[in-house]
Amino acid sequence: MTGPFEHLFAPLKVGPMTLRNRIVVPPHGVSFTSGFGNTIERVIDYHVERARGGAAMITMSNFVMPPSWQQLGTWGDNLATTPFGTLDMASDPALLPAYRRLATAIHEQGATFVVQLNTTGRQYWATGMVAYGLPLVAPSPLPCPRMRQIPREMTIGDIEEFIETFAVAAANMQEAGTDGVEILAAQGYLLSEFLSPHTNQRTDRYGGTLENRMRFLVEALAAIRKRTGAAFALGVRMNGDDFAPGGLTLADTQEIAARLRATGLVDYLNISGMTYHQYPAWIADMAAPEATFADQAAAIRRTVPGLPICVVTRIGSPELGERLVASGQTDMVGMARALISDPELPNKARRGDSDDIRRCTYSNQSCSMGQTLGRGVGCLHNTAVGKEAQLGIGKMKPAARRKRVVVVGGGPAGMAAARVATERGHEVVLFEKDERLGGQNLMTQQIASRRGFAEVTRWQEHRLRKLGVEIRLGSAATIEAILTATPDAVIVATGSTPRRSGHSALRPDVPRLPGVEQANVLTVWDVFQNPDRVGARVLLIDEDPHLAGLYTAEHLADLGRQVEIVTADLLPLREMHINYMPEIYRRVRPKGVTIRTDTLVTGIDGSTVHGTDRYTNAARLITGIDTIVLAMGNEVNDGLAHALKGKVGELHIVGDCLAPRKIEEAILDGERAGWML
């Protein structure tokens, strides 16, 4: 192919497979639960959607569990049907019909299908293990910094049973019609633990020398190859560097790669990095460099010439993918979150429509965190994730009757409503009182570590202008202006404003924080809209129900302010899973941001802030403060919505105007309104 992405869209031979391009969906858990249809069907629809969008190889995350472990978990019952309720256990023969349907559907879309085989080790409980109270296992009984559990040291019998289970799982996948399997030996999971001298302190034939530490992996590969033959692809996902004390270095991984190539068992290597010492840093967010492990992948590729290499993490655009392949750093690019955000990225790039790609924000707010918080993988601005059968590619349904629609508010909710309404065939007029579209997101994207949120505004505005939506900037939508537009339906997305009372949910008897009316008391919005009002030493009161507090504090520190956060909670960012806090602390603490927890602010007196320990009521005093910033949530701006009731035939209220929430709920609200017209 010639054109801007000639290297990215060149075919590639990988063992017995021929890939139509170099774009790979790397393995990642989806953790879909009930809702929006059968869970297994949702998993199938999700992966097929990425094949339909043009990716060359779909790699699906899966676990393996030896039969004896299954019997322990069910007190002697073999698993005639999976207890996990989803499609993630390649070693379970009961799931073969579902895998067969998935493989067939992916092949019908022109993609190849590889199943990754993973077993967890000391740093993660598989669903069944935690459900049945089975212990963590590892090469050596060393506690994990994440799980804070001491695992059981695996016996030789355990290892042999796992090797057989890997082979059985691969044979199952071959029978199901997949093109190959990939063994996970990266990121601190079990086989990675065996490879690392830090986590493997055994003295038998599976520990000590590199040859011994590789033995489990090599024997598993040999068992798979013996069971499946040469016509079945076999890959390994491995670290380019552990970036952990005493862990594998790049020199070590180059040696491992060379030895794997010498076995003749492996058709490709998939390069990642890190362990749970840095979790979730290998799922790099927008604050991290792009193509996080590209240098390691390039070094390994030079070590094993001719063996195809894939690299993963923070590869969000076809432009970056093209550079990585063209420069020889890699042969394939793994784009998990980029293809969660827009499954059609490959097809759009191939036809020269890159501006239309809904690019990943790399906030991790709905994908990685959504999974960790038990909601399953989602996407901040792709509402179809996990609901592909209802909302995916080609599912847009034209409206039964064309309507004239007025949308009030050009923030994320209003733009989403206007876009979906227009795509369904309605005539839409969008009123925005400011001179720019974007709403509150314009403030969020000013924060250096949240700059990726600018993509939401860019893509939404691009789509509206491409669709020809009439956009009236600098136009406050009065009732008269709305009625003059003669709408059949009105969607109100007028957002919210900061709560300025200082009222705390933990002090329901105090409607207004004493001293909150002082001129040196600002809101989060003031920080962005009037930064000159912010003094040198700032105290930020964080009782925001979402994510505003700590990120605003970080922004102030970037502006040169001395910032202290005070929160009544155990930690700031109450909406964020605790696993993500260490990485944020590593970023904000060097900037001088300090955090005072368990402290309830009771009053403000000039430059002094009074508080109490939440649990003992002991007095706490903070003095010498120039500016106090309230991060205490927002309140609806719904006056126009109430005034329109009874004056228009169809009225929808969306986004923060309905209830102040996060950006993903605002977008979902807006799209839902567009569908309901």
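**Exercise 1.** What radius of gyration would a compact globule with 677 residues have, and what does the protein have?

*Solution.* The structure is a predicted model. As a starting point, the globule rule puts a compact globule of 677 residues near 26 Å. The next step is to set beside this the radius of gyration of the protein, which is 27 Å and agrees with the rule. The extent can then be added, since the C-alpha trace spans about 75 × 65 × 50 Å along its principal axes.

**Exercise 2.** Describe the elements of the protein, its contacts and its burial.

*Solution.* Begin with the elements: the protein contains 24 helices and 27 strands. Turn next to the contacts with a separation of 6 or more, of which 72% are between residues 24 or more positions apart. Finally, consider burial, where 61% of the 677 residues count as buried, while the exposed area of the protein comes to about 25,200 Å², with 52% of it supplied by carbon and sulfur atoms.

**Exercise 3.** How many disulfides does a search of the whole structure find? Explain, too, why cysteine 310 counts as buried.

*Solution.* A disulfide is a covalent bond that joins the sulfur atoms of two cysteines. The search of the whole structure finds zero disulfides. Cysteine 310 is accordingly in no disulfide, and the nearest cysteine sulfur, which belongs to cysteine 360, is 17 Å away. For the second part, the cut-off for buried is under 20% relative accessible area, and cysteine 310 counts as buried because its relative accessibility is 1%. Cysteine 144, with a relative accessible area of 4%, is buried as well.

Conventions
Residues numbered from 1 in each chain as written. Predicted model: local features only at pLDDT ≥ 70, side-chain atom pairs only at ≥ 80, totals over all residues. Heavy atoms only, no water. Disulfide = S-S within 2.5 Å. Buried < 20%, exposed > 50% of the residue type's maximum accessible area, 1.4 Å probe, protein only. Helix = DSSP H or I, 4+ residues; strand = E, 2+ residues; numbered from the N terminus. Rg over C-alpha atoms; globule rule 2.2 N^0.38 Å. Contact = heavy atoms within 4.5 Å. Areas by Shrake-Rupley, 256 points an atom, 1.4 Å probe, with all protein chains shown as cover.
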